[in-house]
Amino acid sequence: MDRRTALQTTIGAATLAVAGCLSNDPDDADFRIGGPWKPSRDPLDGGSQIRRLGITEALVGVDYDANPTPELATEWERLDEYRWEFALREDVPFHDGESLDAAAAVESLRRTADASAFADVPIDTIEAVDEGTVAVETETPFTPLPAHLSRNEAVLLSPEAIDGDGSVTEPVSTGPFAVDTFQPGTELRAVRNDDYYGERPEIETVRYEVVDDDQTRRMKLENGELEMARILPHEMVSALESTDGIDVYTPEIPRIRFLTFDTQSEPFDDVRVRWAVDHAIDRSTITERILNDIDDPAAGPFSPELTEWANPNLETDRYDPDRARSLLSEADWTVDGGGGVRTRGGDELAVDVFTFDARSLPLIAEVLQDQLATVGIDLDVTVMEYSTMVDRVGQDSFDSYLTSWGTLWYPDPDRLSDMFHSEAASLHHGYENERVDTLLEEARELGEREARRERYYEVQSIVREDAPITVLTSYSNVVATASGVSGYEPHPTESRYGLESITLEES
């Protein structure tokens, strides 16, 4: 019997033991979830769904205040600027019966640290101190380490679930649910882990179904074919709320919609033109007309409703088209007495915005087109595939692009480095500010929370003035459940569905 066969046999036996108490028709016992995202076996290749379903767990979790919290590590300590130690929970079994110990954790974490997804996390060494303690050393002082170890890529897998070539056979971890069957791109069915160390779920089985079409997810929920439908459009909320037997949740998540400018090329190399765009945008109209007043106008990368890392002093209502016109005139973009598109040196103030087909973004771009026209800017909208857009803005000069980003997908404000550091940023704005770089580098190293917060507040204030991006709106998910579902509490960072806390009333 080879290693893969032995693993599958072990998992199968555990699954039968758990499933033995279920009804003869598995679907009768399933808690059924429909969503657009396709789950993956490998946490390094789109492992968010298996984490959210409660199958995989990491050393560090994320609490409901969007802060790192103990998960498979009961605590951690920073011994010096470079070395951290994580104490493991005792008597935790993997789904295949293997024990979680430091050796198993180290093997899994080394695979994570070697992956491209962790290329920017300066991990130097990972080692077992003793059977219950894992040490991680970083190449540079790196305060956000626990937050990064909460990421989906950093979940711990059983050593028997990883082949000699590093590939994952099945996502065998320690969560309250274990994989039963997996049809890639279509469906994943999980069963309750009765050996779970924590809160034992009342739900016995979960079936996650990939349902790409929004209307189909809604119909399946209304027809009783799902207990939960996720990532529904904002425009469905009103109708769903008036539907008997359906409960609707619209939790804000740490994500923003925003425009990014090419600060290295005309016309947005001039901060006055960037300010003019910022003042010309009526964010309230966007949230009312396009987002059904579910999302709110946003001032900065972080929401004060979700995290204390948000600078509370950022100006929220910046709509002032007269100020926008004045700024453009100061930048020598003038308009004839009859109005229309502004010109300078015979060139029209005509700019492009690229975006991608992600529900509301093309519609928001059309509203921006109308609003910027009122101050003399001709905005041309191009909608393309997301990957095409990223390639386009990464290779050549451009004017602007409209996108959305998660800002706390790991629970630490070091995410601002990904946005604004002159060398580390993933956004293609070409923005450089030496003070911002210094603040971000200092905050990454400091251990004292208040000192870090002061620096991140200042970064947000500076970036607000320099405007390499202009933030438009907050972002809310729309989740609907059958009214018999109780105990569901949306998680602020979407890192888990909290299925272990859900109960389902029998009809």
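**Cavity lining.** I started with the elements around the largest cavity of this predicted model. Helix α15 (449-466) and strand β19 (469-476) each give at least two residues to the lining of that cavity. I then looked up its volume, which comes out at about 110 Å³. Its lining has 14 residues, and I noted the ones closest to the centre: A299, V463, R464, I469 and V471. Sorting the lining by class, I got eight nonpolar residues, with three polar and three charged ones making up the rest.

**Cavity count.** I also wanted to know how many cavities of 30 Å³ or more there are. The count is six.

**Helix pair α8/α10.** Next I turned to how helix α8 (residues 271-280) sits against helix α10 (residues 321-330). I have the two packing at an angle of about 165°, and their axes are 8 Å apart. Angles over 145 degrees count as roughly antiparallel, so α8 is roughly antiparallel to α10. For the handedness, I noted that α8 passes α10 in a left-handed crossing.

**Who touches whom.** I listed the contact residues from both sides. On α8 they are R272, V273, W275, A276, H279 and A280. On α10 I found P321, R323, A324, L327, L328 and E330. By class, I put the residues of this α8 and α10 contact at eight nonpolar, three charged and one polar.

Technical notes
Residues are numbered from 1 along each chain as its sequence is written. This is a predicted model: local features need pLDDT of at least 70, side-chain atom pairs count only at pLDDT 80 or more; totals for chains, interfaces and linings use all residues. Side-chain values use heavy atoms; hydrogens and water are left out. On a 1 Å grid over the protein atoms alone, a cavity is a set of points where a 1.4 Å probe fits but cannot get out, and a pocket is an open set with protein on both sides within 12 Å along at least five of seven lines; lining residues have an atom within 4 Å of a point. Grid points are joined across faces, edges and corners, and a volume is the space filled by probe spheres set on the points. Helices (H or I, at least four residues) and strands (E, at least two) are DSSP runs, numbered from the N terminus. Ala, Val, Leu, Ile, Met, Phe, Trp, Tyr, Cys and Pro count as nonpolar, Asp, Glu, Lys and Arg as charged, and the others, Gly among them, as polar. Axes are lines fitted to C-alpha atoms, for helices over the stretch in contact, and angles run from 0 to 180 degrees between N-to-C directions. Angles under 35 degrees count as roughly parallel, over 145 as roughly antiparallel, 65 to 115 as roughly perpendicular and the rest as oblique. A crossing is left-handed if the near helix is turned anticlockwise from the far one by less than a right angle, and right-handed if clockwise. Contact means heavy atoms within 4.5 Å.
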